Number of protein chains: 2
Amino acid sequence: MAKQGEKSKKDDISKLKGLSVKKAENFSEWYSEIVQKAELADLRYNVKGFLVFQPWSVLCMEKMYYYLEKALQQKNHKPYWYPTLIPEKNLLKESEHIAGFVPEVFWVTNAGKKKLDEKLALRPTSETAFYQMFGIWIRSYKDLPFKTYQRAQVFRYETKATRPFLRSREFHWIEAHCAHATLKHAESQVKEDMQTTKEVLHDIFGLPFIFFERPAWDKFPGADRTFAADVLNPDGRVVQQPSTHLLSQKFSKAFNVKFIDKDGKEKLPFITCYGPAVSRIMASVIIVHGDDKGLRFPWEIAPRQIAIVPISNDPKLIKKAGELKNKIGDLASVEIDLTDRFPGEKFNYWEMKGVPIRIDLGLKEIKQKKLTVFRRDINKKETIPESKLINYIKKVAKESSQNLIKQADKLFESRIKDTKNSEEIKLALEQGAIARCNFCSVEKDGEKCAEVIEKQIGATVRGTKLEKEKASGKCAICNKKAKQVVYIARQY
Amino acid sequence: MAKQGEKSKKDDISKLKGLSVKKAENFSEWYSEIVQKAELADLRYNVKGFLVFQPWSVLCMEKMYYYLEKALQQKNHKPYWYPTLIPEKNLLKESEHIAGFVPEVFWVTNAGKKKLDEKLALRPTSETAFYQMFGIWIRSYKDLPFKTYQRAQVFRYETKATRPFLRSREFHWIEAHCAHATLKHAESQVKEDMQTTKEVLHDIFGLPFIFFERPAWDKFPGADRTFAADVLNPDGRVVQQPSTHLLSQKFSKAFNVKFIDKDGKEKLPFITCYGPAVSRIMASVIIVHGDDKGLRFPWEIAPRQIAIVPISNDPKLIKKAGELKNKIGDLASVEIDLTDRFPGEKFNYWEMKGVPIRIDLGLKEIKQKKLTVFRRDINKKETIPESKLINYIKKVAKESSQNLIKQADKLFESRIKDTKNSEEIKLALEQGAIARCNFCSVEKDGEKCAEVIEKQIGATVRGTKLEKEKASGKCAICNKKAKQVVYIARQY
């Protein structure tokens with residue numbers, strides 16, 4: 001037995017035991033455990049609703065930033081860093097916006113021993129910072145489209161219960177803000193944002209989602225139209241991932257953003273904004289890909305791609321592990337497990353951590369010039385000749401991401417259910433699905449039916465698909481003629 | 001003449017005219033102009049002391065983050081993201097620290113319509129956030145060294161005049177925090193931090209500096225010993241770049257960070273912290289490398305490495321520019337200048353922006369299969385065969401950074417002057433130099449002489465070099481026996 005004093009954080013038995021519940025049986029507890037046991041975030045920071053993101057999630061989220069920023073820059077967005085603080089007068093300029101956000105704003109009122117002349121908001125989102133500068137910078141149609149973004153944290157005094165990654169009072173995101181000469185250009189931007197979401201969140205991060213246009217009563221404060229991607233959790237609740245908003249001319253008017261068009265006339269540009277929240281995307285990566293052994297990651301965003309596990313501390317094994325790491329070089333990020341845990345504990349640890357490839361190294365392997373390799377995407381051990389290692393890694397890099405994406409897509413598709421009335425909607429939701437049904441109207445006059453759904457079923461109308469689906473027959477709630485096909489789900 | 005309405009931001013004549021003053025003649029004005037004309041930061045954001053960082057500086061600072069984080073991770077620092085907010089009670093735990101920082105703290109007191117139970121600080125630095133968690137995480141000698149860092153913004157209510165990049169109320173930095181089992185390990189960490197600074201700030205960013213141990217009266221609030229790198233500006237003022245602090249056991253005591261050592265005894269770890277401020281490093285990159293035409297960048301951190309300038313909008317030129325960009329591929333970041341400015345304006349623009357290589361493309365060049373290339377490191381045009389472009393880029397990539405580093409080192413070394421008394425110190429400083437002299441003592445009892453220097457010469461004792469220089473003779477100020485050789489300079 002180890003002495004009490006020798007018990008280090010790394011030896012903490014609770015962390016090595018694996019998950020005590022199954023994802024399918026108790027999703028909520030499974031999620032809490034995986035966040036803690038895979039050391040993704042520590043909730044013991046002493047400000048309510050705030051937490052410390054630990055290395056394993058930060059490494060993954062930095063990779064998310066890399067792919068998101070690369071995609072935005074390729075589409076000619078330029079990066080900016082705006083101040084974290086926004087003066088109250090800016091927030092007050094657009095009335096819907098202020099009504100939507102002010103209940104959630106953290107206010108800086110003092111500095112040193114002085115009371116400030118004006119309250120400063122910790123940005124809850126940055127429309128009112130960006131567009132003030134747009135008003136200074138944009139003059140002519142030649143300046144348009146004006147495509148920008150920033151990587152930043154935003155702050156919201158959430159009154160609902162917070163959950164790590166899913167809902168915190170400070171979160172990490174990217175916000176892209178663009179000004180366009182015409183409504184048509186702005187609409188194209190919204191489509192481009194949805195395409196970016198598909199290219200990055202689905203094709204790289206492996207997250208299946210539907211991009212909905214939100215109903216009239218569920219728009220971003222200040223937006224003409226709001227579009228948002230919903231990802232589905234095993235408990236049947238959806239998580240809103242990136243949203244993109246057609247703000248049109250409300251903010252250009254409020255912030256006096258004007259340009260002289262080709263025809264010599266002064267006009268208001270059409271503004272759009274797009275916001276992928278990296279720390280919330282992390283939640284979906286955990287939830288969508290994780291299993292009963294722990295995390296799983298698509299290759300590109302794995303915090304580490306390969307773990308080499310010497311099954312004892314025999315110097316020959318340690319030496320060999322180093323040689324393999326050197327051989328792999330820049331092809332993959334590699335960590336060698338040098339802890340003094342038992343082999344079984346090490347195996348569990350790296351399965352919990354979700355490295356795509358684990359190499360288990362014993363003296364037998366060295367002698368036979370073979371490697372025992374564990375693939376996390378299919379949870380299988382394989383034996384390969386050491387000489388084939390590089391090609392094997394290249395193959396698994398591709399295959400494992402594709403496998404995770406396919407598994408996730410298949411599950412997601414199987415969980416969209418067609419429904420005809422309240423009873424069927426309720427049943428579908430109880431089975432953890434998203435319900436699709438005919439609906440009277442996503443304009444103002446349909447809000448009553450949405451309220452019925454909220455009260456009686458505890459779910460919300462997520463909206464219509466972009467590629468409009470043809471409604472036929474009657475609204476599943478009020479029996480009036482249906483104008484749209486909508487999707488209904490529970491949310492957090 | 002263009003119509004008023006057609007005047008776009010990009011056409012703004014003031015931006016294309018180049019700098020109106022010479023760096024050597026009016027450094028302060030040169031700096032203000034270059035920040036504005038190269039579009040690095042906009043000071044018109046409407047909160048005092050805060051500014052908007054524009055794409056050209058953000059692209060460079062993102063590269064700085066890349067190299068700094070890579071170096072830290074290679075040295076086994078793990079990345080964290082801590083909350084931006086620190087509760088007042090944490091700040092109050094270490095008395096020297098609170099005394100040093102509280103006059104500069106921005107306070108969040110309200111959220112939504114509610115007054116918070118406890119004031120929350122916008123972090124001025126994060127010792128009091130990190131070490132609270134160290135107290136939870138660290139248990140055994142096996143957990144040590146515990147090496148962490150975060151990329152973050154910090155906030156200080158500066159009362160001195162702010163200057164873009166040099167001193168703002170919000171700045172972008174990295175802070176690394178480590179806990180060690182022994183003082184010796186902590187001292188090694190301080191040396192490692194200095195080595196990291198050399199490897200990244202000097203060898204990649206091209207900044208010459210001296211790492212000083214600060215005198216007893218100029219330590220970081222709460223530190224036992226403080227070490228900091230000073231970079232010299234043309235006006236003879238020094239800018240403090242990364243500092244590293246031996247905090248020893250004061251904070252571990254204040255935050256109850258304890259570990260059980262190999263001998264079974266409970267001990268306080270020795271803590272160190274290190275802080276390279278990326279937005280301030282940007283100031284030194286602008287200042288050290290910039291010339292009378294504008295910015296210059298070492299290859300690795302240039303926002304764009306190559307600009308291709310078609311000298312007219314002939315479709316053949318545009319097509320060729322695209323082909324060259326494809327050919328260069330991932331070897332360098334390339335921007336094609338598609339504006340309708342005159343060639344001369346385009347040339348000035350890219351010299352102001354500091355791209356290391358500019359390719360001027362005319363029909364003559366296409367016909368002759370040659371390229372006219374402008375190298376910004378030596379401000380020279382060269383003609384090369386098109387077929388040699390890739391090798392040429394590889395060559396210039398290496399040479400241009402080396403040239404900038406050499407130029408900077410040479411200038412820096414020529415500006416350290418040996419001095420014997422107040423008169424000579426004053427003279428050296430007036431010539432824009434750092435004065436080296438014998439000094440009575442950098443311990444408490446030397447503070448009087450430091451005050452004399454401050455009052456009579458308007459300069460500060462920066463400290464002693466790490467590789468201790470042998471003092472001989474008498475203190476340049478008080479004529480008592482000198483114990484150290486110190487360096488004296490003006491600061492901002």
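These points describe a predicted model and how far its parts can be read.

1. Residues are numbered from 1 along each chain as its sequence is written, and chains are lettered from A, with ligands numbered from 1, in the order in which they are written. Because the model is predicted, local features need pLDDT of at least 70 and side-chain atom pairs count only at pLDDT 80 or more, while totals for chains, interfaces and linings use all residues.

2. Chain A averages a pLDDT (the predictor's confidence in each residue, from 0 to 100) of 94, and 97% of its residues score at least 70. Residues 1–7 of chain A fall below 50. Where pLDDT is low, the predicted coordinates should not be read in detail. For the complex, the predictor gives an ipTM of 0.95 and a pTM of 0.95.

3. The radius of gyration of chain A, taken over C-alpha atoms, is 25 Å, which agrees with the value near 23 Å for a compact globule of 492 residues. That rule is 2.2 Å times the number of residues to the power 0.38.

4. In chain A, 49% of the 492 residues count as buried, meaning that 20 or more other C-beta atoms, placed from the backbone, lie within 10 Å of the residue's own.

5. The largest nonpolar core (buried Ala, Val, Leu, Ile, Met, Phe, Trp, Tyr and Cys residues joined through C-beta atoms within 7 Å) has 292 residues. Val285, Phe439 and Ile488, in both A and B, touch the most other members.

6. Leaving aside neighbours within four places in sequence, Phe439(B) is in contact (C-beta atoms, placed from the backbone, within 7 Å) with residues including Gly446(B), Val461(B) and Val486(B).

Terms used. A residue is buried if 20 or more other C-beta atoms lie within 10 Å of its own, exposed if 12 or fewer, and partly exposed in between; C-beta atoms are placed from the backbone. Two residues are in contact if their C-beta atoms, placed from the backbone, lie within 7 Å.
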